[in-house]
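Trainee: Before I use terms such as oblique or edge strand for this model, I would like to hear how each one is justified.
Mentor: Then let us take the terms one at a time, with the structure in view.

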Amino acid sequence: MTKIMVVDDETDLREMVNLLLKKEGYETQMAKDGEDFLCKIDEVQPRLVTLDVMMPGLTTREILERLKEKDCKPKIILLTVVRFSEEEKQQIFEMGNVIDYITKPFELDDLVNIIKKHVQ
Amino acid sequence: MDGDAVEIVKILREEEKRGKLYKDSNPCNKKSIFLDESNQKIEEQNKQLKKLNKEKSNILNVTSHELRTPITAIKGYIQIILKQKLGEINDEQKKSLEVVLRNTNRLDALVQDILDISRLDSGRMKFIPEQTDITTIVKETVETIHVITLEKQIQINTSVEDSLPHLIVDKERIKQVLVNLLTNAIKFSECNSKIDLTIRKNNEDIFFEIKDYGRGIPKDHIANIFDSFYQVNPEDKKLGGVGLGLAISQGILIAHGGKIWVESTGEPGKGSKFIFTLPIHPVENVENRFKELDPFYN
(Lines give C-alpha, C1' and ligand atoms only; values in the text may rest on other atoms or scores of the structure.)
Protein backbone atom coordinates (compact mmCIF):
# COMPACT_ATOMS: atom_id res chain seq x y z
CA MET A 1 0.00 0.00 0.00
CA THR A 2 1.40 3.42 -0.95
CA LYS A 3 2.32 5.62 2.00
CA ILE A 4 1.45 9.28 1.82
CA MET A 5 2.20 12.02 4.34
CA VAL A 6 -0.18 14.95 4.68
CA VAL A 7 1.56 18.10 5.91
CA ASP A 8 -0.61 21.10 6.79
CA ASP A 9 -0.77 23.41 9.81
CA GLU A 10 -4.58 23.72 9.44
CA THR A 11 -6.01 20.81 11.44
CA ASP A 12 -9.32 20.62 9.58
CA LEU A 13 -7.68 20.63 6.19
CA ARG A 14 -5.00 18.15 7.21
CA GLU A 15 -7.60 15.73 8.57
CA MET A 16 -9.85 16.21 5.53
CA VAL A 17 -7.07 15.32 3.07
CA ASN A 18 -6.01 12.46 5.35
CA LEU A 19 -9.55 11.07 5.40
CA LEU A 20 -9.91 11.45 1.65
CA LEU A 21 -6.67 9.59 0.92
CA LYS A 22 -7.51 6.84 3.43
CA LYS A 23 -10.84 6.32 1.68
CA GLU A 24 -8.96 6.10 -1.62
CA GLY A 25 -6.96 3.23 -0.19
CA TYR A 26 -3.67 4.89 0.75
CA GLU A 27 -1.78 4.45 4.01
CA THR A 28 -1.42 7.89 5.54
CA GLN A 29 0.43 9.82 8.23
CA MET A 30 0.02 13.45 9.17
CA ALA A 31 2.40 16.23 10.20
CA LYS A 32 1.37 19.64 11.49
CA ASP A 33 4.25 21.72 10.15
CA GLY A 34 7.67 21.57 8.54
CA GLU A 35 9.60 20.59 11.67
CA ASP A 36 7.09 17.85 12.51
CA PHE A 37 7.34 16.55 8.94
CA LEU A 38 11.15 16.48 8.97
CA CYS A 39 11.16 14.69 12.34
CA LYS A 40 8.83 11.97 11.16
CA ILE A 41 9.89 11.42 7.58
CA ASP A 42 12.71 8.93 8.11
CA GLU A 43 10.53 6.76 10.30
CA VAL A 44 7.42 6.96 8.09
CA GLN A 45 9.26 6.68 4.73
CA PRO A 46 6.39 8.07 2.64
CA ARG A 47 6.43 7.66 -1.12
CA LEU A 48 4.59 10.94 -1.61
CA VAL A 49 3.85 14.04 0.46
CA THR A 50 1.16 16.70 0.15
CA LEU A 51 2.82 19.83 1.50
CA ASP A 52 1.00 23.05 2.30
CA VAL A 53 2.76 26.28 1.36
CA MET A 54 2.58 29.08 3.95
CA MET A 55 2.92 27.27 7.26
CA PRO A 56 4.30 28.86 10.41
CA GLY A 57 7.89 28.02 11.31
CA LEU A 58 10.03 26.71 8.46
CA THR A 59 9.29 28.16 5.03
CA THR A 60 8.65 25.86 2.09
CA ARG A 61 12.13 26.63 0.74
CA GLU A 62 13.71 25.75 4.08
CA ILE A 63 11.76 22.49 4.29
CA LEU A 64 12.85 21.47 0.78
CA GLU A 65 16.46 22.40 1.53
CA ARG A 66 16.54 20.34 4.72
CA LEU A 67 14.80 17.46 3.01
CA LYS A 68 17.92 17.05 0.84
CA GLU A 69 19.81 15.93 3.95
CA LYS A 70 17.35 13.14 4.67
CA ASP A 71 17.64 9.56 3.44
CA CYS A 72 14.01 9.45 2.41
CA LYS A 73 13.28 11.36 -0.83
CA PRO A 74 9.52 11.34 -1.34
CA LYS A 75 7.73 13.04 -4.22
CA ILE A 76 6.18 16.33 -3.11
CA ILE A 77 2.92 17.86 -4.24
CA LEU A 78 2.50 21.46 -3.09
CA LEU A 79 -0.86 22.80 -1.94
CA THR A 80 -0.84 26.50 -2.78
CA VAL A 81 -3.22 29.43 -3.24
CA VAL A 82 -1.43 30.77 -6.33
CA ARG A 83 -0.63 29.78 -9.88
CA PHE A 84 2.97 29.46 -10.97
CA SER A 85 4.48 30.66 -14.20
CA GLU A 86 6.60 28.22 -16.23
CA GLU A 87 9.74 29.92 -14.93
CA GLU A 88 8.61 29.62 -11.33
CA LYS A 89 7.61 25.99 -11.82
CA GLN A 90 11.07 25.34 -13.16
CA GLN A 91 12.68 27.02 -10.12
CA ILE A 92 10.45 25.22 -7.64
CA PHE A 93 10.78 21.82 -9.28
CA GLU A 94 14.55 22.25 -9.33
CA MET A 95 14.50 22.54 -5.54
CA GLY A 96 14.24 18.82 -5.61
CA ASN A 97 11.40 16.37 -5.06
CA VAL A 98 8.57 18.76 -6.00
CA ILE A 99 6.70 17.14 -8.89
CA ASP A 100 3.42 19.01 -9.04
CA TYR A 101 1.14 21.48 -7.30
CA ILE A 102 -2.56 22.12 -6.83
CA THR A 103 -4.27 25.37 -5.91
CA LYS A 104 -6.79 25.75 -3.11
CA PRO A 105 -9.67 25.36 -2.98
CA PHE A 106 -9.35 22.22 -5.04
CA GLU A 107 -11.82 19.62 -6.20
CA LEU A 108 -11.18 16.31 -4.43
CA ASP A 109 -11.10 14.47 -7.73
CA ASP A 110 -8.34 16.76 -8.97
CA LEU A 111 -6.14 16.02 -5.95
CA VAL A 112 -6.77 12.29 -6.18
CA ASN A 113 -6.01 12.31 -9.91
CA ILE A 114 -2.73 14.15 -9.45
CA ILE A 115 -1.66 11.68 -6.76
CA LYS A 116 -2.67 8.68 -8.86
CA LYS A 117 -0.71 10.11 -11.78
CA HIS A 118 2.49 10.25 -9.74
CA VAL A 119 2.34 7.07 -7.72
CA GLN A 120 1.54 4.70 -10.52
CA MET B 1 41.15 83.53 33.92
CA ASP B 2 43.35 86.55 33.47
CA GLY B 3 42.06 89.69 31.76
CA ASP B 4 43.48 88.87 28.32
CA ALA B 5 42.08 85.37 28.31
CA VAL B 6 38.65 86.66 29.30
CA GLU B 7 38.89 89.16 26.48
CA ILE B 8 39.85 86.42 24.01
CA VAL B 9 36.98 84.20 25.13
CA LYS B 10 34.59 87.15 24.77
CA ILE B 11 35.83 87.85 21.25
CA LEU B 12 35.61 84.20 20.30
CA ARG B 13 32.05 83.99 21.58
CA GLU B 14 31.15 87.12 19.64
CA GLU B 15 32.63 85.64 16.49
CA GLU B 16 30.75 82.47 17.10
CA LYS B 17 27.47 84.32 17.43
CA ARG B 18 28.12 86.34 14.32
CA GLY B 19 29.15 83.23 12.40
CA LYS B 20 25.92 81.46 13.34
CA LEU B 21 23.85 84.50 12.45
CA TYR B 22 25.66 84.75 9.12
CA LYS B 23 24.93 81.12 8.39
CA ASP B 24 21.31 81.48 9.39
CA SER B 25 20.75 84.65 7.47
CA ASN B 26 22.65 83.77 4.26
CA PRO B 27 19.97 82.91 1.67
CA CYS B 28 22.22 80.36 -0.14
CA ASN B 29 22.77 78.46 3.04
CA LYS B 30 19.09 78.67 3.95
CA LYS B 31 18.16 77.15 0.56
CA SER B 32 20.72 74.42 0.96
CA ILE B 33 19.48 73.55 4.44
CA PHE B 34 15.90 73.54 3.16
CA LEU B 35 16.79 71.18 0.30
CA ASP B 36 18.71 68.87 2.62
CA GLU B 37 15.75 68.68 4.98
CA SER B 38 13.31 68.13 2.13
CA ASN B 39 15.45 65.35 0.66
CA GLN B 40 15.62 63.72 4.03
CA LYS B 41 11.83 63.90 4.43
CA ILE B 42 11.32 62.45 0.94
CA GLU B 43 13.69 59.59 1.73
CA GLU B 44 11.88 58.82 4.96
CA GLN B 45 8.50 58.95 3.26
CA ASN B 46 9.81 56.70 0.53
CA LYS B 47 10.94 54.15 3.12
CA GLN B 48 7.55 54.39 4.79
CA LEU B 49 5.71 53.87 1.49
CA LYS B 50 7.82 50.83 0.63
CA LYS B 51 7.07 49.41 4.06
CA LEU B 52 3.32 50.04 3.64
CA ASN B 53 3.40 48.50 0.18
CA LYS B 54 5.00 45.35 1.53
CA GLU B 55 2.47 45.23 4.38
CA LYS B 56 -0.39 45.58 1.89
CA SER B 57 1.01 42.70 -0.09
CA ASN B 58 1.34 40.59 3.06
CA ILE B 59 -2.25 41.40 4.07
CA LEU B 60 -3.53 40.28 0.67
CA ASN B 61 -1.48 37.08 0.82
CA VAL B 62 -2.54 36.24 4.35
CA THR B 63 -6.20 37.10 3.59
CA SER B 64 -6.11 34.92 0.50
CA HIS B 65 -4.69 31.99 2.46
CA GLU B 66 -6.90 32.46 5.53
CA LEU B 67 -10.11 32.72 3.51
CA ARG B 68 -9.42 30.00 0.98
CA THR B 69 -8.19 27.38 3.42
CA PRO B 70 -11.48 26.98 5.37
CA ILE B 71 -13.41 27.01 2.10
CA THR B 72 -11.21 24.13 0.95
CA ALA B 73 -12.00 22.18 4.11
CA ILE B 74 -15.76 22.79 3.82
CA LYS B 75 -15.84 21.81 0.15
CA GLY B 76 -13.69 18.77 0.84
CA TYR B 77 -15.90 17.28 3.54
CA ILE B 78 -19.08 17.99 1.58
CA GLN B 79 -17.65 16.22 -1.44
CA ILE B 80 -16.50 13.26 0.67
CA ILE B 81 -20.03 12.85 2.07
CA LEU B 82 -21.68 13.39 -1.35
CA LYS B 83 -19.46 10.67 -2.80
CA GLN B 84 -20.84 8.46 0.00
CA LYS B 85 -17.36 7.70 1.30
CA LEU B 86 -18.70 7.94 4.88
CA GLY B 87 -21.79 5.85 4.23
CA GLU B 88 -24.93 6.09 2.15
CA ILE B 89 -26.98 9.27 2.12
CA ASN B 90 -30.60 9.67 1.13
CA ASP B 91 -31.95 12.01 -1.57
CA GLU B 92 -32.92 14.70 0.90
CA GLN B 93 -29.45 14.71 2.45
CA LYS B 94 -27.91 14.76 -1.02
CA LYS B 95 -30.02 17.77 -2.06
CA SER B 96 -29.19 19.63 1.16
CA LEU B 97 -25.48 19.05 0.75
CA GLU B 98 -25.63 20.17 -2.86
CA VAL B 99 -27.13 23.46 -1.65
CA VAL B 100 -24.28 23.80 0.86
CA LEU B 101 -21.72 23.05 -1.87
CA ARG B 102 -23.28 25.51 -4.29
CA ASN B 103 -23.20 28.28 -1.72
CA THR B 104 -19.65 27.44 -0.72
CA ASN B 105 -18.65 27.78 -4.37
CA ARG B 106 -20.48 31.09 -4.47
CA LEU B 107 -18.62 32.26 -1.39
CA ASP B 108 -15.35 31.16 -2.91
CA ALA B 109 -16.08 33.08 -6.11
CA LEU B 110 -16.84 36.19 -4.06
CA VAL B 111 -13.63 35.86 -2.07
CA GLN B 112 -11.71 35.46 -5.32
CA ASP B 113 -13.36 38.56 -6.81
CA ILE B 114 -12.57 40.69 -3.78
CA LEU B 115 -8.96 39.54 -3.78
CA ASP B 116 -8.71 40.15 -7.53
CA ILE B 117 -10.02 43.71 -7.31
CA SER B 118 -7.74 44.44 -4.35
CA ARG B 119 -4.74 43.15 -6.25
CA LEU B 120 -5.65 45.08 -9.38
CA ASP B 121 -6.16 48.27 -7.40
CA SER B 122 -2.82 47.92 -5.70
CA GLY B 123 -0.99 46.81 -8.84
CA ARG B 124 -0.14 43.45 -7.34
CA MET B 125 -2.10 41.08 -9.55
CA LYS B 126 0.19 38.39 -10.88
CA PHE B 127 0.04 37.66 -14.60
CA ILE B 128 1.53 34.67 -16.34
CA PRO B 129 1.74 35.63 -20.02
CA GLU B 130 2.27 32.78 -22.46
CA GLN B 131 1.71 32.12 -26.15
CA THR B 132 -2.03 31.54 -26.48
CA ASP B 133 -4.21 30.26 -29.29
CA ILE B 134 -7.44 32.28 -29.31
CA THR B 135 -9.50 29.40 -30.69
CA THR B 136 -8.46 27.27 -27.70
CA ILE B 137 -9.46 29.94 -25.17
CA VAL B 138 -12.85 30.32 -26.85
CA LYS B 139 -13.42 26.56 -26.91
CA GLU B 140 -12.49 26.19 -23.23
CA THR B 141 -14.65 29.16 -22.26
CA VAL B 142 -17.71 27.83 -24.06
CA GLU B 143 -17.20 24.45 -22.34
CA THR B 144 -16.94 26.18 -18.96
CA ILE B 145 -20.27 27.97 -19.35
CA HIS B 146 -22.06 25.13 -21.10
CA VAL B 147 -24.07 24.10 -18.01
CA ILE B 148 -25.39 27.65 -17.48
CA THR B 149 -26.45 27.95 -21.12
CA LEU B 150 -28.41 24.69 -20.78
CA GLU B 151 -30.35 26.05 -17.80
CA LYS B 152 -31.81 28.87 -19.93
CA GLN B 153 -31.57 27.10 -23.31
CA ILE B 154 -29.37 29.85 -24.69
CA GLN B 155 -27.45 29.33 -27.91
CA ILE B 156 -23.90 30.69 -28.08
CA ASN B 157 -22.92 31.42 -31.70
CA THR B 158 -19.17 31.76 -32.09
CA SER B 159 -17.45 33.22 -35.10
CA VAL B 160 -13.65 33.29 -35.00
CA GLU B 161 -11.78 34.76 -37.98
CA ASP B 162 -9.37 32.37 -39.68
CA SER B 163 -5.64 32.52 -39.07
CA LEU B 164 -5.68 34.83 -36.10
CA PRO B 165 -2.21 35.26 -34.66
CA HIS B 166 -1.37 33.75 -31.29
CA LEU B 167 -1.31 36.28 -28.46
CA ILE B 168 1.08 36.58 -25.54
CA VAL B 169 -1.43 36.86 -22.71
CA ASP B 170 -2.31 35.32 -19.36
CA LYS B 171 -4.61 32.64 -20.73
CA GLU B 172 -6.48 32.02 -17.46
CA ARG B 173 -7.15 35.74 -16.94
CA ILE B 174 -8.42 36.30 -20.49
CA LYS B 175 -10.67 33.26 -20.04
CA GLN B 176 -11.86 34.88 -16.82
CA VAL B 177 -12.84 38.00 -18.80
CA LEU B 178 -14.67 35.98 -21.44
CA VAL B 179 -16.48 33.84 -18.86
CA ASN B 180 -17.50 36.96 -16.98
CA LEU B 181 -18.89 38.73 -20.06
CA LEU B 182 -20.68 35.63 -21.35
CA THR B 183 -22.12 34.85 -17.90
CA ASN B 184 -23.46 38.40 -17.68
CA ALA B 185 -24.93 38.11 -21.17
CA ILE B 186 -26.68 34.88 -20.16
CA LYS B 187 -27.86 36.38 -16.87
CA PHE B 188 -29.59 39.30 -18.58
CA SER B 189 -30.99 37.35 -21.54
CA GLU B 190 -34.38 35.70 -21.82
CA CYS B 191 -34.65 31.93 -22.06
CA ASN B 192 -34.36 30.41 -25.54
CA SER B 193 -32.41 33.36 -26.89
CA LYS B 194 -28.94 33.61 -28.38
CA ILE B 195 -25.60 35.27 -27.74
CA ASP B 196 -23.11 36.07 -30.51
CA LEU B 197 -19.38 35.85 -29.83
CA THR B 198 -17.31 37.29 -32.67
CA ILE B 199 -13.53 37.53 -32.79
CA ARG B 200 -11.67 39.31 -35.57
CA LYS B 201 -8.46 41.13 -36.36
CA ASN B 202 -8.50 44.87 -36.83
CA ASN B 203 -5.16 46.52 -37.59
CA GLU B 204 -2.90 45.86 -34.61
CA ASP B 205 -5.59 44.50 -32.29
CA ILE B 206 -7.85 41.50 -31.90
CA PHE B 207 -11.45 42.49 -31.27
CA PHE B 208 -13.73 40.34 -29.11
CA GLU B 209 -17.45 41.17 -29.33
CA ILE B 210 -20.12 39.67 -27.10
CA LYS B 211 -23.63 40.56 -28.22
CA ASP B 212 -26.76 39.59 -26.32
CA TYR B 213 -30.41 40.36 -27.04
CA GLY B 214 -31.53 40.84 -23.47
CA ARG B 215 -32.71 43.83 -21.51
CA GLY B 216 -29.83 46.14 -22.44
CA ILE B 217 -28.20 48.85 -20.34
CA PRO B 218 -29.89 52.24 -19.96
CA LYS B 219 -27.74 55.06 -21.38
CA ASP B 220 -27.37 56.87 -18.06
CA HIS B 221 -25.75 53.78 -16.52
CA ILE B 222 -23.13 53.18 -19.21
CA ALA B 223 -20.61 55.65 -17.83
CA ASN B 224 -20.44 53.77 -14.49
CA ILE B 225 -20.85 50.20 -15.68
CA PHE B 226 -17.18 49.34 -15.09
CA ASP B 227 -17.09 50.77 -11.56
CA SER B 228 -16.54 48.35 -8.67
CA PHE B 229 -19.77 47.14 -7.01
CA TYR B 230 -21.88 48.96 -9.61
CA GLN B 231 -25.13 47.27 -10.55
CA VAL B 232 -27.69 48.79 -12.91
CA ASN B 233 -30.55 47.55 -10.77
CA PRO B 234 -30.18 46.74 -7.04
CA GLU B 235 -32.46 43.76 -7.72
CA ASP B 236 -29.63 42.32 -9.85
CA LYS B 237 -28.06 40.95 -6.67
CA LYS B 238 -30.67 38.20 -6.78
CA LEU B 239 -29.17 37.03 -10.07
CA GLY B 240 -25.84 36.51 -8.34
CA GLY B 241 -22.68 38.60 -8.17
CA VAL B 242 -21.91 41.83 -6.38
CA GLY B 243 -20.87 44.01 -9.32
CA LEU B 244 -17.13 43.32 -9.46
CA GLY B 245 -16.88 41.26 -12.65
CA LEU B 246 -16.73 44.14 -15.12
CA ALA B 247 -14.29 46.13 -12.97
CA ILE B 248 -12.01 43.10 -12.74
CA SER B 249 -12.32 42.43 -16.48
CA GLN B 250 -11.41 46.01 -17.26
CA GLY B 251 -8.39 45.86 -14.95
CA ILE B 252 -7.12 42.65 -16.56
CA LEU B 253 -7.53 44.05 -20.06
CA ILE B 254 -5.85 47.36 -19.29
CA ALA B 255 -2.91 45.47 -17.80
CA HIS B 256 -2.60 43.63 -21.12
CA GLY B 257 -2.70 46.89 -23.08
CA GLY B 258 -6.31 46.35 -24.16
CA LYS B 259 -9.58 48.25 -23.81
CA ILE B 260 -13.21 47.43 -23.09
CA TRP B 261 -16.40 49.31 -23.76
CA VAL B 262 -20.11 48.68 -24.22
CA GLU B 263 -22.71 49.69 -26.76
CA SER B 264 -26.35 49.58 -25.73
CA THR B 265 -29.47 51.59 -26.37
CA GLY B 266 -31.16 50.29 -23.23
CA GLU B 267 -34.12 49.01 -25.18
CA PRO B 268 -35.33 45.60 -23.99
CA GLY B 269 -34.77 42.98 -26.64
CA LYS B 270 -31.96 44.96 -28.31
CA GLY B 271 -29.48 43.87 -25.65
CA SER B 272 -25.88 45.04 -25.27
CA LYS B 273 -22.61 44.54 -27.09
CA PHE B 274 -19.49 44.36 -24.97
CA ILE B 275 -16.33 44.83 -27.00
CA PHE B 276 -12.78 44.36 -25.81
CA THR B 277 -9.45 44.47 -27.57
CA LEU B 278 -6.10 42.82 -27.05
CA PRO B 279 -2.98 44.06 -28.85
CA ILE B 280 -1.33 41.63 -31.24
CA HIS B 281 2.06 42.81 -30.05
CA PRO B 282 2.21 42.29 -26.29
CA VAL B 283 2.77 45.22 -23.98
CA GLU B 284 6.16 45.33 -22.36
CA ASN B 285 6.67 44.29 -18.80
CA VAL B 286 3.31 42.69 -18.03
CA GLU B 287 5.26 39.81 -16.52
CA ASN B 288 8.29 41.79 -15.37
CA ARG B 289 6.13 44.08 -13.34
CA PHE B 290 5.48 41.24 -10.97
CA LYS B 291 8.82 39.45 -11.13
CA GLU B 292 9.96 40.63 -7.73
CA LEU B 293 6.97 39.02 -6.04
CA ASP B 294 7.70 35.78 -4.20
CA PRO B 295 6.10 32.92 -6.17
CA PHE B 296 5.04 31.18 -3.00
CA TYR B 297 3.09 34.11 -1.71
CA ASN B 298 1.47 35.77 -4.68
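What follows is a set of questions and answers on the wording used for this predicted model.

Trainee: What makes H3(B) oblique to H8(B)?
Mentor: Helix H3 (residues 91-121) and helix H8 (residues 245-255) of chain B pack at an angle of about 40°, and their axes are 10 Å apart. Angles under 35 degrees count as roughly parallel and 65 to 115 as roughly perpendicular, with oblique kept for the rest. The angle of about 40° belongs to that remaining class, and therefore H3(B) is called oblique to H8(B). As to handedness, H3(B) passes H8(B) in a left-handed crossing.

Trainee: Which residues of H3(B) and H8(B) meet, and how do they divide by class?
Mentor: From H3(B) come Asp113(B), Asp116(B), Ile117(B) and Leu120(B), which meet Ala247(B), Ile248(B) and Gly251(B) of H8(B). By class, this contact of H3(B) with H8(B) has 4 nonpolar, 1 polar and 2 charged residues. Gly is counted as polar and Asp as charged, so Gly251(B) is the polar residue, and Asp113(B) and Asp116(B) are the charged ones.

Trainee: Why are E2 and E6 of chain B said to stand at the edges?
Mentor: The open sheet of chain B has 5 strands in the order E2-E4-E5-E7-E6, with mixed pairing. Strand E2 (155-160) and strand E6 (259-264) each have a single partner strand, so that one side of each is left without a neighbour in the sheet. From one strand to the next, the twist averages 15°.

Trainee: How do you know that E4(B) and E5(B) pair, and in which sense?
Mentor: Pairing requires at least two bridges between the strands, and strand E4 (residues 194-202) and strand E5 (residues 205-212) of chain B have 8 bridges, in the antiparallel sense. Within this part of the sheet, Arg200(B) stands opposite Phe207(B) in E5(B). Helix H6 (residues 171-187) of chain B packs on the sheet, where H6 touches E4, E5 and strand E7 (272-279), and the direction of H6 makes about 20° with that of E5(B).

Trainee: What makes up the contact between the chains, seen from chain A?
Mentor: Chain A and chain B give 22 residues each to the contact. On the side of chain A, helix H1 (11-23) and helix H4 (86-94) are the elements that give two or more residues, and H1(A) supplies the largest share, 6 residues. That side of chain A divides into 13 nonpolar, 2 polar and 7 charged residues.

Notes. Residues are numbered from 1 along each chain as its sequence is written. Chains are lettered from A and ligands numbered from 1 in the order in which they are written. This is a predicted model: local features need pLDDT of at least 70, side-chain atom pairs count only at pLDDT 80 or more; totals for chains, interfaces and linings use all residues. Two residues are in contact if their C-beta atoms, placed from the backbone, lie within 7 Å. Helices (H or I, at least four residues) and strands (E, at least two) are DSSP runs, numbered from the N terminus. Axes are lines fitted to C-alpha atoms, for helices over the stretch in contact, and angles run from 0 to 180 degrees between N-to-C directions. Angles under 35 degrees count as roughly parallel, over 145 as roughly antiparallel, 65 to 115 as roughly perpendicular and the rest as oblique. A crossing is left-handed if the near helix is turned anticlockwise from the far one by less than a right angle, and right-handed if clockwise.
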